[in-house]
Amino acid sequence: MDDNAPLLVIVDAANVVGSVPDGWWRDRRGAAERLRDRLAADGVPGRSGPVEIVLVVEGAARGVEPVPGVRVEAAPGSGDDHMVELVARADGRTVLVVTADRELRRRVGELGAEVAGPRTVRPS
């Protein structure tokens, strides 16, 4: 592992936004933007040291712009496949993937990523 690189935190926007029934389905892009803004303001609670946050969006949330502190990547196809690709390209860095998706958790775990649920970055 590259101990000098910041922790790479990959956030499954659709999964995290969908974890709380707050009307997100009426404005998926707006919900992803609110999550992005919360990540930019709060980072990843409980994680010390520098982090690089990547918010992966798909579908109706494509077009969400990055802000300082949060890189936004629109998945060209499946968001899950894109997150797996990001983990595979992490090149020895420590990676945390935030999602509740069991299959995605299995796939990135096989590549050595840590996994955590949506409450890691979103209060319930």
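Two strands are said to pair if DSSP finds at least two bridges between them, and in a sheet such pairing runs through backbone hydrogen bonds, either parallel or antiparallel. In this predicted model, five strands form an open sheet in the order β3-β2-β1-β4-β5, and the pairing is parallel. The points below take up the sheet and then two of the helices.

**The sheet**
- The strands β3 and β5 (114–116) stand at the edges of the sheet and have a single partner strand each, so one side of each is left without a neighbour in the sheet.
- Neighbouring strands of this sheet are turned against each other by 25 degrees on average, with direction ignored.
- Between β2 and β3 the parallel pairing extends over five bridges, and Val-54 has Arg-71 in β3 as its bridge partner.

**Helix α2**
- Helix α2 covers residues 28–42, and because each residue should add 1.5 Å, its 15 residues should span 21 Å, which agrees with the 21 Å that separates its end C-alpha atoms.
- The buried residues of α2 are Gly-30, Ala-31, Ala-32, Leu-35, Arg-36 and Leu-39.
- An α-helix has 3.6 residues a turn, so residues three or four places apart point the same way.
- Among the elements that cover the buried residues of α2 are the strands β1 (7–12), β2 (51–57) and β3 (70–74), together with the helix α1 (13–17).
- After α2 comes Gly-43, whose phi is positive, near 65 degrees.

**Helix α3**
- Helix α3, made of residues 79–88, lies across β1, β2, β3 and β4 (95–98), and it runs at about 175 degrees to β1.

Key
Residues are numbered from 1 along each chain as its sequence is written. This is a predicted model: local features need pLDDT of at least 70, side-chain atom pairs count only at pLDDT 80 or more; totals for chains, interfaces and linings use all residues. Side-chain values use heavy atoms; hydrogens and water are left out. Helices (H or I, at least four residues) and strands (E, at least two) are DSSP runs, numbered from the N terminus. The expected span of a helix is 1.5 Å times one less than its number of residues. Buried means under 20% relative accessible area, exposed over 50%, partly exposed in between (1.4 Å probe, protein chains only). Contact means heavy atoms within 4.5 Å. Axes are lines fitted to C-alpha atoms, for helices over the stretch in contact, and angles run from 0 to 180 degrees between N-to-C directions.
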